Amino acid sequence: MSLSVENLRIAYRTLRGDVQAVDGVTFAVADREIMGLAGESGCGKSTLGNSLIFIEGRMKHVGGTVELDGKALPISDDRAMNHHRMRDVSIIPQYAMSALNPTKKVGTLAHDLLKSRGMKLAKVLPEFRRRVALVGLPENVLEMYPFELSGGMRQRATMVISTLLNPSLLIADEVTSALDVSNQRAVGELLTEFRDLGYVKSMIVITHDLSILAQIADTIMVMYAGKLTEKASASTMIDKPLHPYTQALLSSLPEVGVRYEDRELTGIPGRPPSLLSPPPGCRFRERCPFAYDKCVEDPPFMELLPGHQVACWKAADDVAGGAGREHNEASATPSGGAGDASPERGPSLGARAGKGAE
Amino acid sequence: MSGVDQAAPGGTTTARGASPTAVPLAGATAPAGARGGREAYDSGRRWEFLYFAVRNKKLLLGLGVEIIFVLAAIIGPYFAPYPAKEFVAAAALHPSSQHLLGTTYFGQDVFSLLLDSLRESYLVGFLGAAFAGLIGLAIGFVAGWRGGWLDEVLQTLTYIVVMIPSLVLLIVIGAYLKSHSAFFEGVFIGVTTWPWVARAVRAQTFTLRQRDFVDLARLSGKRGPAIVLKDIAPNMASYILLAFILLFGSSMLIAVNYDFLGLGPTNGISLGDMLNLAELWSGLQLHMWWWFIPPGAVMTLMVAALLVANVGLDEVFNPKLRET
Amino acid sequence: MLELDKVSKLYRSGTFGGDFKPALRQVSFDIDRGEVVSLIGESGSGKSTLGKIVLHLVPASGGRVSFEGADVMQKKGRELHEYYRQVQGVFQDPFSSYNPLYKADRVFEMVRQEYFRDMAKDAWQAKVETALETVTLNPADVLNKFPHQLSGGQQQRLLVARALLLDVRLLIADEIISMLDASTRVDVLNMLVSLKRRGLGILFITHDLSLGNYISDKTVILRHGAVVEMGETQKVFGNPQHRYTKSLLTAVPQLHKKWAPFDWSVNASAVPASNGSPTLAPSTPPGAGQPAEAKRYSKSSLSPLHGAKEEVGAARGTHAVRAGAVLAEDAPSGPRPSLMEMEGGRWQRRRRRATLTEVLAESAPPPLVECEPGHLVAIEK
């Protein structure tokens, strides 16, 4: 088990009080696993990713433990973490491409970064050059300024730099979202390749784009309003999701080949609750078409099927009831099954949409 | 959905008028908690700025201090204990109940002098700032908005003005004018110090006009001048105010220089004159601190109060700053 | 309704603005009423520039844009004012579309001041509410709020509502949903569909093929400022002809299908900058700086790539070649050497700068041919 996170809670300090951005999250990432972490903006996915490597000033480690390769990771101790950064845990931050210091050459940036870890660039230079070539960057990229590189090139340069010391865990935060499709594919495939070549033992890929995860992730974990809602293998998650939120999210995605006149997709009405004082119970309750009285209780994140964890009372009932199993399979197949499911789901969603707009 | 509303804390009224805290999870987006109880005071846009203005301590403090000085400048001389320029007492008296700030080397009452000189320093500072500000804004806006050849012409003009040695010019003009007033001095300072305002305004206009909201204003049928005034200028309001404040201060300081060289107004007395007289007549060496510290302190306070007010105004104008 | 005829745009570049860089090369297509045309291209393809030209925000360097037969580029003053009554735009970044100092509904107020000065307050209020209803917004949620108090989806729908206040007949939607969350994206898309059903023509500019495919009747694929393929959406996506279109389609991440292997080496040859292929290369004159750039990059990049292929590529198959293809796509568009150019491995003084007309003429794209009715594709080598 490469990474295991136990009941992690991270809050943001604001003037209005603490915002529980990550609220009791427990999961594990195996060796050689690429885990996708998906969710809408504001769900806490980036906070979770960042907290594993750098708890910045506004963030607060409220509770929970993190273990990497069997050893505890002192995430709330900035000093102690310094030893682990880049060596054991590394990150490709969101907006890394635009965050590069424009007045420094790529090589200088790498040099500075390594120096802060007590390493010399010269030592790893041959390996650096090899990897630069591998990702298809020109050899003289070390001599270039960030503005001389396009978005895709910059993203690959940051990838190479942040994985130079072969970390156990790489956190890739929205690395594909600002890229064009061909670069998305290239970067996505490079991520799996880095894993295959052993540059990185395991990876958490944070994105709002489920279709990218369908391509590169082994497992997918979905977050909603600071909590985990569902975790399963990528194929199960895409084809047989159990949580209503995942189902709704998947059925709202336009895919190539889907046209409005053939199949009109629907979004999810409403907004996530404020994390300043989240309502008790299931946090998706307000937007959930299946919500019922039991949902006022907080659903635990339980393993309903082997390797498939869900935090939903209804999913639990369905799975336990067995009969609900078929129903879930039918409604969960977005391309073919949505038509079948819509008689049951469509009206309720529609009614909610109407309510939201009034 | 009403449950979402209730959960959002913005709906409850708070002392600060429900400035909703953007939950800092999504970076720029404020997904929840963005429903405010602003309706209470919302009867118009102008009132809204006022609403925040009267609740901003920095602005109130800065403005308060400034208003005291302005009042002192306007009505002070009428209440001055002694006629400002008359030699009313013994020389170099320490501050006392008779002479609040003592007397000068010549026996003038420093407090009365101070009240009198405030007025002239303000006048020169204001005129200098106003002229420099107006010229700089006009040229900066036109150059930045229109661009092209007009921009190049105006840029050239700006550089020419930068290169003119204003002191030499003033000496030449002074040779032809028998006497000149504080008004002349203020205008002269304004006409020679606008270039840096123009350049900064031009650069900001350049950046702002590429923003989407400027395009949107154009799509709404707005013409250039209206867009510059309504969309671009307000976004620079705090900068313009800051520039005005700096010009104000620098005009007063430049005036001190001119006064020192005998190029200043031929009548009246300013804070600069006081400082210079104190310097010329060895106020420093004679440890007559009450002669030179008050005018220096007053000038510092006047400028500092304006700067504090400026920071406060920035918070009032920029809704995002209000929240932190 | 809207016709584009060989619209070109050259940007000045280089140290003293003496060079021209083609951003659009003779783009022609048209939009009818009730028709959604999606303009698809990657960053730097010139798609946003085209939208701005149609909106008369950026002047074109050549060609003609006409709306209902009248030349758009000649419009000014009163005529332009009337043009904006019928043609409106919504931009990519909702946060930047609002002046942060004013309330969000000022965008309505501006329209009122310019176009409905005489309308009574009640009538105006009713009109605003109707427009908001059309974009499925609740007036109480969005009126009297500052932009940062609204979600991205609300902001974008508010901007569409603003356009609907006018007698808008053509809407330029420039990447309007790329910054929205997945769960609200579809709502904005569906709203555009309902507008289209009411007879609105929409130019839907996007880099996302699945969004374009979902909503549009016609698709125009733009690359390096030129049309490579266009036609009815189902034909273009169902039966793509151009290698570039195919490569884009294979790169789109899908939920239920893994990325299909794609022969990236084929694509590499279709990259003008990488090998100067005679048909597809823009064959820009020395002035445009493109060839110099290409040389610089192919020289420095291809040799290590081959090395890399020998070294590590054995295990990874076509990886290095693929990366090379992407690299060539990536030729940065930053400052280029303008007074000097690489020649024979040495920096040489350039002979002469090209004139605007020369660049316009020489940057002509390959011609389009009809491969089936309603489906045009650029000839490629």
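This is a short chat about a predicted model, mostly its chain C and how that chain meets chain A.

Q: Before we start, what kind of model is this, and how are residues and chains labelled?
A: It is a predicted model, where local features need pLDDT of at least 70 and side-chain atom pairs count only at pLDDT 80 or more, while totals for chains, interfaces and linings use all residues. Residues are numbered from 1 along each chain as its sequence is written, chains are lettered from A and ligands numbered from 1 in the order in which they are written, and side-chain values use heavy atoms, with hydrogens and water left out.

Q: Thanks! How many helices and strands does chain C have?
A: Chain C has 16 helices and 14 strands. Helices (H or I, at least four residues) and strands (E, at least two) are DSSP runs, numbered from the N terminus.

Q: And how much of chain C is buried?
A: 60% of its 381 residues count as buried, meaning under 20% relative accessible area with a 1.4 Å probe, protein chains only.

Q: Which strands does S14 of chain C pair with?
A: S14(C), residues 375-378, pairs antiparallel with S10(C), residues 226-232, over three bridges. It also runs antiparallel to S13(C), residues 368-372, with four bridges. Pairing here takes at least two DSSP bridges between the strands.

Q: Which residues are bridge partners there?
A: C:His375 is the partner of C:Gly231, and C:Leu376 is the partner of C:Glu370.

Q: What's in the turn between S13(C) and S14(C)?
A: The two strands form a hairpin with two residues between them, and C:Gly374 in the turn has a positive phi of about 75 degrees.

Q: Switching to the interface: how many residues of chains C and A are in contact?
A: 67 residues of chain C touch 64 of chain A, with contact meaning heavy atoms within 4.5 Å.

Q: Which three residues of chain C supply the most buried area there?
A: C:Tyr214, C:Leu255 and C:Trp259 supply 15% of what chain C buries against chain A, more than any other three residues. Buried area is the accessible area (1.4 Å probe) that two parts lose on being put together, summed over both.

Q: What's the total for the two chains, then?
A: About 5600 Å², with 54% of it on carbon and sulfur atoms.

Q: How many salt bridges are there between C and A?
A: Zero, where one would be a side-chain nitrogen of Lys or Arg within 4 Å of a carboxyl oxygen of Asp or Glu.

Notes
Buried means under 20% relative accessible area, exposed over 50%, partly exposed in between (1.4 Å probe, protein chains only).
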